[in-house]
Each structure stands twice: as structure tokens, then as C-alpha cells.
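Student: I'm new to this structure and would like to learn how to read the way helices pack. Can we look at it together?

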Amino acid sequence: MKRIKLTQNEKKVLRHLVAGIAGYQSRMNVRQYADACQCLKNKGLARVMFASGHEVYNAEATDKGVVYLENNPYLLNPV
């Protein structure tokens, strides 16, 4: 699978979404978490629903996100 460039926050959020850890947003700035979720959604790695503004209501990894993490466990960015 082709590598996708991810920021450090996107990597953290993707790892937690694939692991099924809920409430990760409490350990990260709400705006940073929402932005990372939105970017992952745009890249097809997560499904995200927003409540209002930048509050994430629900987020989960897509099949593409799970496969991406399995094929690139260290989440190395493309060279």
C-alpha cells in the first residue's frame, strides 16, 4: 500500500482509533484532535462525525486505516 504523509497528531489518533480506544480526545487539545480526525477522514483512513463546531461525536478507523497501519506499523512517511 502506498504510504500517506501523516502528522504526529494524525499518527497518534489513527493508532488509537485502530486500537478502539475511546475518549482519546481527553488527552489532546480538542481542536488538535478534531483537526487530526478531519484530516484522517479526508485521507479515507477514518470515519468521523462531528457534533457541533470542532467537537468530535464519534470516530472510528476505516478498513483502509486498519490495513494501512498493518502494512506500515511504524507509520513512516513517504520519502
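Student: How are α1 and α3 oriented to each other?

Tutor: Keep in mind that this is a predicted model. To read a helix pair, start with the crossing angle: anything from 65 to 115 degrees counts as roughly perpendicular. Here the axes of α1 and α3 (residues 63-71) cross at roughly 110° and come within 10 Å, so these two helices are roughly perpendicular to each other.

Student: Which residues in α1 and α3 meet?

Tutor: On the α1 side you'll find Leu 14, Arg 15 and Val 18, and they meet Gly 65, Val 66, Tyr 68 and Leu 69 in α3. Sorted by class, that contact has five nonpolar, one polar and one charged residues.

Student: And at what angle do α1 and α2 pack?

Tutor: About 75°, with the axes of α1 (residues 8-19) and α2 (residues 30-42) 9 Å apart. This pair is therefore roughly perpendicular too. Among the residues making the contact are Val 13 and Leu 17 of α1, along with Tyr 33 and Leu 40 of α2. By class, the α1 and α2 contact divides into eight nonpolar, two polar and one charged.

Student: Why might I look for a nonpolar core?

Tutor: Because nonpolar side chains tend to be buried together in soluble globular proteins. In this model, the largest nonpolar core has 21 residues, and Leu 6, Val 13, Leu 17, Tyr 33 and Leu 40 touch the most other members. The largest share, five residues, comes from α2.

Student: What does Val 13 touch, leaving aside neighbours within four places in sequence?

Tutor: Val 13 is in contact with Tyr 24, Met 28, Tyr 33, Ala 36, Cys 37 and Leu 40, once those neighbours are left aside.

Note on methods:
Residues are numbered from 1 along each chain as its sequence is written. This is a predicted model: local features need pLDDT of at least 70, side-chain atom pairs count only at pLDDT 80 or more; totals for chains, interfaces and linings use all residues. Side-chain values use heavy atoms; hydrogens and water are left out. Axes are lines fitted to C-alpha atoms, for helices over the stretch in contact, and angles run from 0 to 180 degrees between N-to-C directions. Helices (H or I, at least four residues) and strands (E, at least two) are DSSP runs, numbered from the N terminus. Angles under 35 degrees count as roughly parallel, over 145 as roughly antiparallel, 65 to 115 as roughly perpendicular and the rest as oblique. Contact means heavy atoms within 4.5 Å. Ala, Val, Leu, Ile, Met, Phe, Trp, Tyr, Cys and Pro count as nonpolar, Asp, Glu, Lys and Arg as charged, and the others, Gly among them, as polar. A nonpolar core is a set of buried Ala, Val, Leu, Ile, Met, Phe, Trp, Tyr and Cys residues joined through side-chain atoms within 4.5 Å. Buried means under 20% relative accessible area, exposed over 50%, partly exposed in between (1.4 Å probe, protein chains only).
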